[in-house]
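Trainee: I've got a structure open and I'd like to learn how to read it. Can we walk through it together?

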Amino acid sequence: QVHLVESGGGLVQAGGSLRLSCAASGSIFRINTMGWYRQAPGKQRELVATITSDGNTNYSDSVKGRFTISRDNGKNTMYLQMNSLKSEDTAVYYCNAKVASSRFGIYYDYWGQGTQVTVSS
């Protein structure tokens, strides 16, 4: 079993910054792509950013230039630095990881429980 735990959410004023963390633990042999997703009230969950195991990144247009995704493979941890926050960034942020639990195992999708980010205008 693999567990993902997010932290770092909270309340911040528009224009401020927050840094989210996602720590993976459990039966982990290798983590492939990791990503951040978010879901605002009444809306579908959407992609924020992804990062591959060798550091290639992808961002949604709405956060490009403001958010930075990174990861520490040695710590099985991923980060999301969020700058210039806007009220429309308010959502529950979820981390996702594709994890193999053995050398020849297949990759499964795992999700964290989510962390609330609220940006006040």
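Mentor: Sure, we'll go through a sheet, a strand, a loop residue and then some salt bridges. Keep in mind that this is a predicted model.

Trainee: Let's start with the sheet. In what order do the four strands of the open sheet come?

Mentor: With a sheet, list the strands by who sits beside whom. Here the order is β1-β3-β8-β7, with antiparallel pairing. The edges are β1 (2–7) and β7 (67–72), each of which pairs on one side only. On average, neighbouring strands are turned by 15 degrees against each other, direction ignored.

Trainee: How many bridges hold β1 and β3 in register?

Mentor: Six, running in the antiparallel sense, with β3 covering residues 18–26. To pin down the register, pick one pair: Leu 4 has Ala 24 in β3 as its bridge partner. At the other edge, β7 and β8 (residues 77–82) also pair antiparallel over six bridges, and there Thr 68 stands opposite Gln 81.

Trainee: What about the turn in the hairpin of β7 and β8?

Mentor: Check the residue count and the backbone angles. Four residues sit between the strands, and Asn 76 takes a positive phi near 50 degrees.

Trainee: Which side chains of β7 are buried, and which are not?

Mentor: Follow the alternation along the strand. Phe 67, Ile 69 and Arg 71 point to one face and are buried; Thr 68, Ser 70 and Asp 72 point to the other and are not.

Trainee: And a loop residue, say Gln 113: what does it touch?

Mentor: Place it, then look beyond its sequence neighbours. Gln 113 is in the loop between β10 (107–111) and β11 (115–120). Leaving out residues up to four places away in sequence, Gln 113 touches Leu 4, Val 5, Glu 6 and Tyr 94.

Trainee: On to charges. How many salt bridges are there in the whole structure?

Mentor: The search finds five. Look at the atom distance, then at where the partners sit. Asp 89 pairs with Arg 38, the closest N and O atoms being 3.0 Å apart. Asp 89 is in the loop between β8 and β9 and Arg 38 is in β4, so this pair ties together parts 51 residues apart in sequence. Asp 89 and Arg 38 are both buried. Asp 89 also forms a salt bridge with Arg 66, at 2.8 Å between the closest N and O atoms.

Trainee: Which residues make up the salt-bridge network?

Mentor: Arg 38, Glu 46, Arg 66 and Asp 89 are linked in it.

Key. Residues are numbered from 1 along each chain as its sequence is written. This is a predicted model: local features need pLDDT of at least 70, side-chain atom pairs count only at pLDDT 80 or more; totals for chains, interfaces and linings use all residues. Side-chain values use heavy atoms; hydrogens and water are left out. Two strands pair if DSSP finds at least two bridges between them. Helices (H or I, at least four residues) and strands (E, at least two) are DSSP runs, numbered from the N terminus. Axes are lines fitted to C-alpha atoms, for helices over the stretch in contact, and angles run from 0 to 180 degrees between N-to-C directions. Contact means heavy atoms within 4.5 Å. Buried means under 20% relative accessible area, exposed over 50%, partly exposed in between (1.4 Å probe, protein chains only). A salt bridge is a side-chain nitrogen of Lys or Arg within 4 Å of a carboxyl oxygen of Asp or Glu.
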